[in-house]
Amino acid sequence: MGTKQSRANCLSPSPAAEIDLDDRVVTHRQITVLIIGAGSRGKNNCSYALCFPDRMRVIGVADPHAYARKRLQEIHDIDKNNVFDDWKAAAEREKFADAVIIATPDRLHKEPAVAFAQKGYHILLEKPMAVTPEDCKEIVQACQTNNIILAVGHVYRYHPVSTKIKELLDAGVIGDVCHIQHLEPVGFWHFAHSYVRGNWRNEAESSFSLLTKSCHDIDLIHFWMGGKRCLKVSAFGNCSHFTKEHKGYFGWPVSVVCSNGEHDIESLTEVLRHGPYGKCVYECDNDVASHQAVNMEFEGGATAAFTMMGFSYKTGVRKTTIYGTKGELFCEGSGPVVVHDFLQETETKFPPRKAFCIPLCLSAHSGGDYYLMESFALAVAENNPSLIKTGPEETLRSHLLVFEAERSRKENRVVCLET
């Protein structure tokens, strides 16, 4: 795709966006970024530079796939001296950008994150932060030691519904939070595509599904609970149905299926013929949980229950109910957020606030992608980490909770967390 066409697509407003005259006009110096991993998420994140060239400029790219590398080089007019087939070559250079966006596969997050932090680059790191507690801690330590701004790609913290819920809870509209009940319906076809056949099917090759898929949701629960720490966690779940024993019962974008970055019928045919996406769902090496329930107890006695369900008709339409001492809050999908006031015996609907004209390429997660990039660019430009909602300490705490929940599931016991 040429640069002109990419810019045109990027600048098209989301049809779902509503005008909000209270939106702040963001102005700051232009920051420069280096992209590590030019796949789907890397390409999407750096599209912010096409939409807002006065705020961000992409001046380097590293990716082992020639097609993906060249595509971003052409779209962003990157100097050939700043194009690398290995991130290590970029890290060996003297620092030449303000920040780095790391969108490599999950197991390849830690090394570049630590290396670029030591070079002084501010970092936007795709979720999950890393696939072990030790690697997560090492990333955070490297960023803190070198005074690096770290933002992790928990886009749901920037989702208009999530922020509206947080706003209402902080305002005390339902009193003290007693319990949060949260559901993520993954969708039957999405789970089969990505977690039975796809990149996240096997724990040894990627990680467990609660981390790769639902760390967003555990992080949201942690976010809504405020400063309360989780004290105990238990989890249950398993890999169901998509096994050889159940064989006999008779799209996601091509850009994800064709990992080499070439999106044509020849590449797709080759991948389906020889790659994992052409396999029978009952003959795969998947071993990650297809459904999981997580129970949490927080400081002060508040509790939370999260369910990840791979066998669902709806896809990604999250459902949240929060029970408080003075009211009940409910929301499904994109809202509105409904509050029942026990004392006044009223029901009030709160529509989430949507930004003015979010670019189409950044409209995923109801504009969460846009808000993440906007906050990161502004934080780097002003050297102000407080603008980041997904900083190192908060993200580390929610990640460690995910790891402990998985330990509970595997060891079949309640796990008490360190305070």
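**Note on strands, turns and salt bridges in a predicted model**

1. Strand β12, residues 327-332, and strand β13, residues 337-341, run antiparallel and are paired through 4 bridges. The model is a predicted one. Across this pair, Glu328 faces His340, which belongs to β13. The two strands make a hairpin with 4 residues between them. Within that turn, Gly333 has a positive phi of about 60 degrees.

2. The loop between β12 and β13 also holds Pro336. The peptide bond from Gly335 to Pro336 is cis, with omega about 10 degrees. When checking this hairpin, look at both Gly333, for its positive phi, and Pro336, for its cis bond.

3. β13 has a second partner in strand β14, residues 346-350; this pairing is antiparallel as well and counts 5 bridges. Here Val337 stands opposite Phe350 of β14. β13 and β14 again make a hairpin with 4 residues between them. In this turn the residue with a positive phi is Glu345, at about 55 degrees. β13 is thus paired with β12 and with β14. As background, side chains in a regular strand alternate between the two faces of the sheet.

4. A cis peptide bond is also found between Lys127 and Pro128, where omega is about -10 degrees. Pro128 sits in the loop that runs between β5 (122-125) and α6 (133-145).

5. Asp77 is a residue other than glycine with a positive phi, near 55 degrees. Its place is the loop between α3 (66-76) and β3 (83-84). Is Asp77 buried or exposed? Its relative accessibility is 66%, so Asp77 counts as exposed.

6. Lys80 lies in the loop between α3 and β3. Lys80 has a relative accessible area of 66% and is therefore exposed. Lys80 and Val61 are 19 residues apart along the sequence, and their C-alpha atoms are 9.6 Å apart in space.

7. Asn147, in the loop between α6 and β6 (150-152), also has a positive phi, near 55 degrees, without being a glycine. With a relative accessible area of 64%, Asn147 is exposed.

8. Helix α14 covers residues 392-411, which makes 20 residues. From first C-alpha to last it reaches 28 Å, close to the 28 Å expected at 1.5 Å a residue. Just after α14 comes Asn412, with a positive phi of about 55 degrees.

9. How many salt bridges does a search of the whole structure find? The total is 20. In general terms, side chains of opposite charge can pair when their charged atoms come close. The points below take up some of these contacts.

10. Glu184 and Arg318 form a salt bridge in which the closest N and O atoms are 2.9 Å apart. Glu184 has a relative accessible area of 0% and is buried. Arg318, at 9% relative accessibility, counts as buried too, because the cut-off for that class is under 20%. The contact therefore joins two buried residues.

11. Lys410 is bridged to Glu203, and the closest N and O atoms are 2.6 Å apart. Glu203 has 21% relative accessibility and counts as partly exposed. That value falls outside the buried class, because buried means under 20%.

12. Glu404 and Arg407 meet through their side chains in a salt bridge of 2.6 Å, N to O. Why are these two separated by about one helical turn? Both lie in helix α14 and are 3 residues apart, so about one helical turn separates them. Glu404 is buried, with a relative accessible area of 19%, whereas Arg407 is partly exposed at 30%. Elsewhere, Arg157, Asp219, Glu394 and Arg397 are joined into one network by salt bridges that share partners.

Conventions:
Residues are numbered from 1 along each chain as its sequence is written. This is a predicted model: local features need pLDDT of at least 70, side-chain atom pairs count only at pLDDT 80 or more; totals for chains, interfaces and linings use all residues. Side-chain values use heavy atoms; hydrogens and water are left out. Two strands pair if DSSP finds at least two bridges between them. Buried means under 20% relative accessible area, exposed over 50%, partly exposed in between (1.4 Å probe, protein chains only). The expected span of a helix is 1.5 Å times one less than its number of residues. A salt bridge is a side-chain nitrogen of Lys or Arg within 4 Å of a carboxyl oxygen of Asp or Glu.
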